[in-house]
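User: I would like to learn how to read the features of a protein model, beginning with its overall form and ending with single residues. Could you take me through them in turn?

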Amino acid sequence: MYLLYVLEQRRICKNSHLLACRESRNMSTAGKVIKCKAAVLWELEKPFSIEEVEVAPPKAYEVRIKIVATGICRSDDHVVHGSIVTPLPVILGHEAAGIVESVGEGVTMVKPGDKVIPLFIPQCGKCSVCKHPEANFCCQNDLNKPRGTLSDGSSRFTCKGKPILQFLGTSTFAQYTVVDEMSVAKIDAASPLEKVCLIGCGFSTGYGSAIKVAKVTQGSTCAVFGLGGVGLSVVMGCKAAGAARIIGVDINKDKFAKAKEVGATECINPQDYEKPIQEVLQEMSGGGVDFSFEVIGRLDTMISALLCCQKAYGVSVIVGVPPNSENISINPMLLLTGRTWKGAIFGGFKSKDAVPKLVADFMAKKFSLDSLITHVLPFEKINEGFELLRSGKSIRTILTF
């Protein structure tokens, strides 16, 4: 099984190199509509439908990308089930890497043939958030009130004569997509796209939550609720920051071995205890952990993560995407004693600035992404990939074209 995985990785690397050469030499599609395959979500709670779609050329300050690899993220599944609301029909996908096919008028940051990662959190560089030294939630994002379009208010996809909407300005479940220039980052030309695509969402979100948002300290004790791809990336960030104890929390014991492989010192299942998990963690840590992370997106575990951290100085970070339109109620005394409760999108990283640096760090072997990738499937098997996610059998499934 492992040999097959290695051979598949070598095939993808070779193909991505050939694609880069081809895109840089042959721009015959520039300025033309491209017909290609895409996974369209026509209705909630329905499987993706592989369709032939038309992808219009990029307008001014836009970039058309040939997607080479795209990851299946839980946030995409939240849309399928209605937990994240976005207009339909839509092409989902937001964690990917590809090669620039063509650019619109005025684009200066990338050129045809460049390897790139689309950014679901843009960095316009002009708004108050982008100008703030610590903030990253650019005002041009499509998360607050999803429109399903690019910044000019329109989509570049059509199918069967109907417009198909875009997701978070990216829509990577397609062979080609169009993004705004502020939503793409040029990366190392030698980087393996089938691996670094994870830097487009899952890895950066988790890793940054530990090192940048929480600012985990040397010798500290951390608790990570949820050991999926993002949760494991939090574990990796805690380890990189020098945490002495990293306690993984999940009801799926099959994830424990992988969590320990990437840095967890111990793992516990809340179902093994009669008392609330926050009390278990308080006892294990002698009064509460220094840092806790909720990487599931459930309101009850968000409260548990807050309660398990030390009441005078503990920091709890919300990483998981919460259910749409649901509120949480807490006693203010939980914060008045000194706890800090915070959250961030994309690990707090300014996307255009951070993504090329993270790819460079990966290329310098400062961290590995191999442990996060459990399955590589052809794009046409996207529904199979989502079933692996829902069943808990995969960490990250990468779809390749």
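Analyst: What follows goes from the whole chain to one helix, then to salt bridges and a single loop residue. The model is predicted, so local features need pLDDT of at least 70 and side-chain atom pairs count only at pLDDT 80 or more, while totals for chains, interfaces and linings use all residues. Residues are numbered from 1 along each chain as its sequence is written, and side-chain values use heavy atoms, with hydrogens and water left out.

User: How many helices and strands does the protein have, and why can it be called as compact as a globular protein of that length?

Analyst: Helices (H or I, at least four residues) and strands (E, at least two) are DSSP runs numbered from the N terminus, and here they come to 12 helices and 18 strands. The radius of gyration, taken over C-alpha atoms, is set against a globule rule of 2.2 Å times the number of residues to the power 0.38. For the 401 residues of this protein the rule gives 21 Å, and the radius of gyration is 21 Å, so the protein is as compact as a globular protein of that length. The C-alpha trace spans about 65 × 50 × 40 Å along its principal axes.

User: What share of the residues counts as buried, and how is that decided?

Analyst: A residue is buried under 20% relative accessible area, exposed over 50% and partly exposed in between, with a 1.4 Å probe and protein chains only. By that division, 56% of the 401 residues count as buried. Contact means heavy atoms within 4.5 Å, and among contacts between residues at least 6 apart in sequence, 71% join residues at least 24 apart.

User: Is helix H9 mostly covered or mostly open, and what covers its buried residues?

Analyst: Helix H9 (residues 299–308) is mostly covered, as 9 of its 10 residues are buried; among them are Leu299, Met302, Ile303, Leu306 and Cys308. The cover over these buried residues includes helix H8 (277–284), helix H10 (333–336) and strands S11 (221–225), S14 (291–294), S15 (315–318) and S16 (340–343).

User: How should I read the salt bridges, and which residue pairs with Lys160?

Analyst: Side chains of opposite charge can pair when their charged atoms come close. The rule used here asks for a side-chain nitrogen of Lys or Arg within 4 Å of a carboxyl oxygen of Asp or Glu, and the count comes to 20 salt bridges. Lys160 pairs with Glu51, with 3.4 Å between the closest N and O atoms. This pair links distant parts of the chain, since Lys160 lies in the loop between strand S7 (157–159) and strand S8 (162–166) and Glu51 in strand S2 (residues 49–55), 109 residues apart. Lys160 is exposed at 60% relative accessible area, whereas Glu51 is buried at 12%.

User: What about the bridge between Asp361 and Lys366?

Analyst: The closest N and O atoms of Asp361 and Lys366 are 3.5 Å apart; Asp361 is partly exposed at 25%, and Lys366 is exposed at 61%. Elsewhere, salt bridges that share partners join Lys59, Glu62, Asp152 and Arg156 into one network.

User: Where is Leu198, and is Leu198 buried or exposed?

Analyst: Leu198 is in the loop between helix H4 (193–196) and helix H5 (202–214), and Leu198 is buried, with a relative accessible area of 1%. Beyond its neighbours within four places in sequence, Leu198 is in contact with residues including Glu95, Phe203, Leu369, Ile373 and Ile398. The C-alpha atoms of Leu198 and Glu95 are separated by 6.2 Å, although the two residues are 103 residues apart along the chain.
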